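Me: I would like to go through this model and ask, for each label put on it, what the label rests on. Please set each value against its cut-off before you conclude.

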Amino acid sequence: MTNDPDHYILDRVLAGDQQAYASLVDKHKSYAFTIAYKILQNRGEAEEAAQDAFIKAYHHLAGFNRQSKFSTWLFRIVFNTAISYKRKSRQQFQDIEKTVVAYSQEGESILEKSDQKRFLRQALAKLNEADRTALSLFYLEELSLEEIAEITGTQANTVKVRIHRARLRLAEELKTLLNHEALML
Amino acid sequence: MEKISPELEEKLLDYLDGSLRGAEKESLEQQFQQNPVLKARLETLRTLHQLLAGNNLEQPSKNFTQQVMLKLDQYPRTSSLSIRNGLLLLTGVFVVAILAALMVSTGMFDNTTSVIDLNKIEVPKPLEAPQQYVQEYIQQPLPSFEFDGKLMVNIIICLNLVLGWILLDRAILKPLFKKRMQMGH
């Protein structure tokens with residue numbers, strides 16, 4: 001059992017204080033949404049998947065054994081929900097080139113602050129889903145390799161190898177994209 | 001151009017992640033001084049590392065928490081049976097049960113009792129030979145069954161009524177009470 005401050009809020013929710021759950025949603029929504037977004041690469045679907053995950057988590061709170069942090073358990077639900085959305089989504093039938101084009105078009109939104117970020121997104125989109133997700137989770141900073149392993153249902157060593165491999169591949173993709181011009185890549 | 005081994009690249013990434021310590025870290029730092037190719041690779045990966053680290057959290061919509069809290073009581077979101085379909089099915093089940101009960105009460109199935117004698121059943125040609133052996137060596141008469149049509153219809157009526165009660169509970173009463181509870185909140 002961990003010393004997770006969220007567990008106190010969970011006790012309140014389980015005692016019938018439904019509104020207490022709102023504070024948990026507020027606290028973890030950005031991470032949950034980011035995880036779903038990294039997998040689905042579509043804001044609308046990611047929002048729906050993340051909301052769905054929070055609702056699933058709420059209805060299975062009694063079954064949460066508190067062996068891990070609430071956030072780790074929640075993110076695993078988000079991960080699985082997003083993967084299941086991805087499977088249902090027609091996007092999976094798109095080839096990688098189409099995905100990159102769609103991605104860069106979306107990238108022209110106001111959210112794109114620099115070319116570097118756009119190139120990074122394009123390069124990330126070229127990675128396979130498992131590598132991209134592991135890498136994204138790793139750079140969310142708060143998550144340890146063990147937590148990422150728990151969320152993705154893999155071994156910590158596998159996650160480490162995946163992250164290393166993804167970064168090297170990403171470096172190569174960026175190098176290709178930037179044609180040796182920017183970032184000294 | 002000198003190629004960096006995968007093991008060394010892994011060490012570079014560990015160095016950037018801050019997981020390399022002690023003598024191993026010092027040894028690598030010394031190699032940076034002596035090997036410009038390695039140093040250049042470190043800078044490339046450091047740039048990538050910084051880019052990824054600056055890849056901030058995505059923010060969901062402003063009413064994300066509100067949406068989740070509104071949907072909490074709607075779980076499971078997609079009921080396999082809607083109230084309307086449940087009502088239709090329930091009506092069908094009861095109509096069949098009532099019709100069958102009326103037919104039984106008018107005496108339609110009173111003379112439907114018959115005896116099924118397995119010894120009188122004609123054996124298909126390919127099985128004739130084994131049947132001869134059975135009669136010759138076993139010499140045991142096969143049992144006969146009494147088929148009561150009225151009893152069968154009564155059993156069907158009972159099963160229909162049980163099914164009807166289950167449907168009434170699952171498709172109508174439960175969602176109805178749930179709705180009332182939500183309205184009471």
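Me: What makes the charged end of A:R43 count as sitting over the ring of A:Y37?

Reply: In this predicted model, the charged end of A:R43 is placed 5.3 Å from the centre of the A:Y37 ring. The distance limit for such a placement is within 6 Å, with a further condition of within 35 degrees of the ring normal, so the 5.3 Å for A:R43 and A:Y37 meets the distance condition, and the pair is listed as a charge over a ring.

Me: Why is the aromatic pair of A:F64 and A:W73 called stacked?

Reply: The centres of the A:F64 and A:W73 rings are 4.6 Å apart, and their planes make an angle of 25°. Since rings pair if their centres lie within 6.5 Å, and planes under 30 degrees apart count as stacked, both values satisfy the criteria and the pair is therefore called stacked. The structure holds 9 aromatic pairs over all chains, and A:F64 and A:W73 also belong, together with A:F70, to one aromatic cluster.

Me: How do you know whether A:F64 and A:W73 are buried or exposed?

Reply: The relative accessible area of A:F64 is 6%, and that of A:W73 is 19%. Because buried means under 20%, A:F64 counts as buried, and A:W73 at 19% counts as buried too.

Me: What makes A:T34 a buried residue?

Reply: A:T34, which is found in helix α2 (residues 20-40) of chain A, has a relative accessibility of 0%, and so falls under the 20% limit for a buried residue. Leaving aside neighbours within four places in sequence, A:T34 is in contact with A:L140, B:L57 and B:E58, and the C-alpha atoms of A:T34 and A:S136, which are 102 residues apart along the chain, are separated by 8.6 Å.

Me: Which residues touch the most other members of the largest nonpolar core, and which helix supplies the largest share of that core?

Reply: Of the 76 residues in this core, A:Y21, A:F70, A:L135 and A:L170 touch the most other members, while α2(A) supplies the largest share, 13 residues. Not counting residues up to four places away in sequence, A:L170 touches residues of both chains, including A:L120, A:L135, B:L48 and B:L52. A second, separate core of 6 residues includes B:A97, B:A100, B:F109 and B:V153.

Me: What does chain A consist of, and how many of its residues, as a percentage, are buried?

Reply: Chain A has 9 helices and 0 strands, and buried residues make up 52% of its 185 residues.

Key: Residues numbered from 1 in each chain as written. Chains lettered and ligands numbered in written order. Predicted model: local features only at pLDDT ≥ 70, side-chain atom pairs only at ≥ 80, totals over all residues. Heavy atoms only, no water. Helix = DSSP H or I, 4+ residues; strand = E, 2+ residues; numbered from the N terminus. Buried < 20%, exposed > 50% of the residue type's maximum accessible area, 1.4 Å probe, protein only. Contact = heavy atoms within 4.5 Å. Core = buried A, V, L, I, M, F, W, Y, C linked by side-chain atoms within 4.5 Å. Phe/Tyr/Trp six-rings, centres within 6.5 Å; stacked < 30°, edge-to-face > 60°.
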